[in-house]
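Let's take a walk through a protein model together. Have the sequence and the 3D view open as you read.

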Amino acid sequence: MSILNFVGRAALASIFVQGGLSALQHPQQRAKLVERAGLPQPELLTQINGGIMAASGVLMALGIMPRTSALALLSSMVPTTVVGHPFWQLEGAERQGQMLHFAKNVAMMGGLLLVVADRGK
């Protein structure tokens, strides 16, 4: 494993570990968005998603099944992004802010795709 791969994966993973732990410990605010999306048991879903993000982030950062971990993170990022940043439903400054967060999440998904594609050559 190259040092650049390790540092890159660790840097990418850090946002998932931090966000995942936050969702596990304090799901209430995020759960409101899940509830507005009409999904059942919003706090439980928020905590499950947080657990997936924290655990997969740690595994990816440590180089333990990094491709599988990145796929798990990708699968949790899609609903997180759609539910958490619905800029298409908003107007004005709020729309702009959510569009920025949506784009940030898409960029993180691009980084995860690079981890998935990395075959260690």
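**Helices, a greasy patch and some rings**

Start with helix 5, whose buried residues are Q98, N105, M108, M109, G111, L112, V115 and V116. Keep in mind that this is a predicted model. Those buried residues don't sit alone: they pack against helix 1 (3–25), helix 3 and helix 4 (66–84). Helix 5 itself covers residues 92–117, which makes 26 residues. From its first C-alpha to its last, helix 5 reaches 38 Å, close to the 38 Å expected at 1.5 Å a residue.

Now hop over to helix 3, residues 42–62, where you'll find T46. Is T46 buried or exposed? T46 has a relative accessibility of 6%, so it counts as buried. Beyond its neighbours within four places in sequence, T46 is in contact with A23, P27, R30, A31 and V34.

L45 is in helix 3 too, but L45 is partly exposed, because its relative accessible area is 35%. L45 belongs to a nonpolar patch on the surface, along with L39, L44, I48 and I52. Together they offer about 380 Å² of accessible area.

Last stop: the rings. The whole structure has three aromatic pairs. One of them is F87 with W88, an edge-to-face pair with 5.2 Å centre to centre and 75 degrees between the planes. F87 also pairs with F102: their centres are 5.1 Å apart and their planes are at 75 degrees, so this pair is edge-to-face. This second pair links distant parts of the chain, as F87 lies in the loop between helix 4 and helix 5, while F102 is in helix 5, 15 residues apart. Put F87, W88 and F102 together and you have one aromatic cluster.

Key:
Residues numbered from 1 in each chain as written. Predicted model: local features only at pLDDT ≥ 70, side-chain atom pairs only at ≥ 80, totals over all residues. Heavy atoms only, no water. Helix = DSSP H or I, 4+ residues; strand = E, 2+ residues; numbered from the N terminus. Buried < 20%, exposed > 50% of the residue type's maximum accessible area, 1.4 Å probe, protein only. Contact = heavy atoms within 4.5 Å. Expected span 1.5 Å × (residues − 1). Patch = residues over 30% accessible without salt bridge, like charges linked within 9 Å, V, L, I, M, F, W, Y side chains within 5 Å. Areas by Shrake-Rupley, 256 points an atom, 1.4 Å probe, with all protein chains shown as cover. Salt bridge = Lys/Arg side-chain N within 4 Å of Asp/Glu carboxyl O. Phe/Tyr/Trp six-rings, centres within 6.5 Å; stacked < 30°, edge-to-face > 60°.
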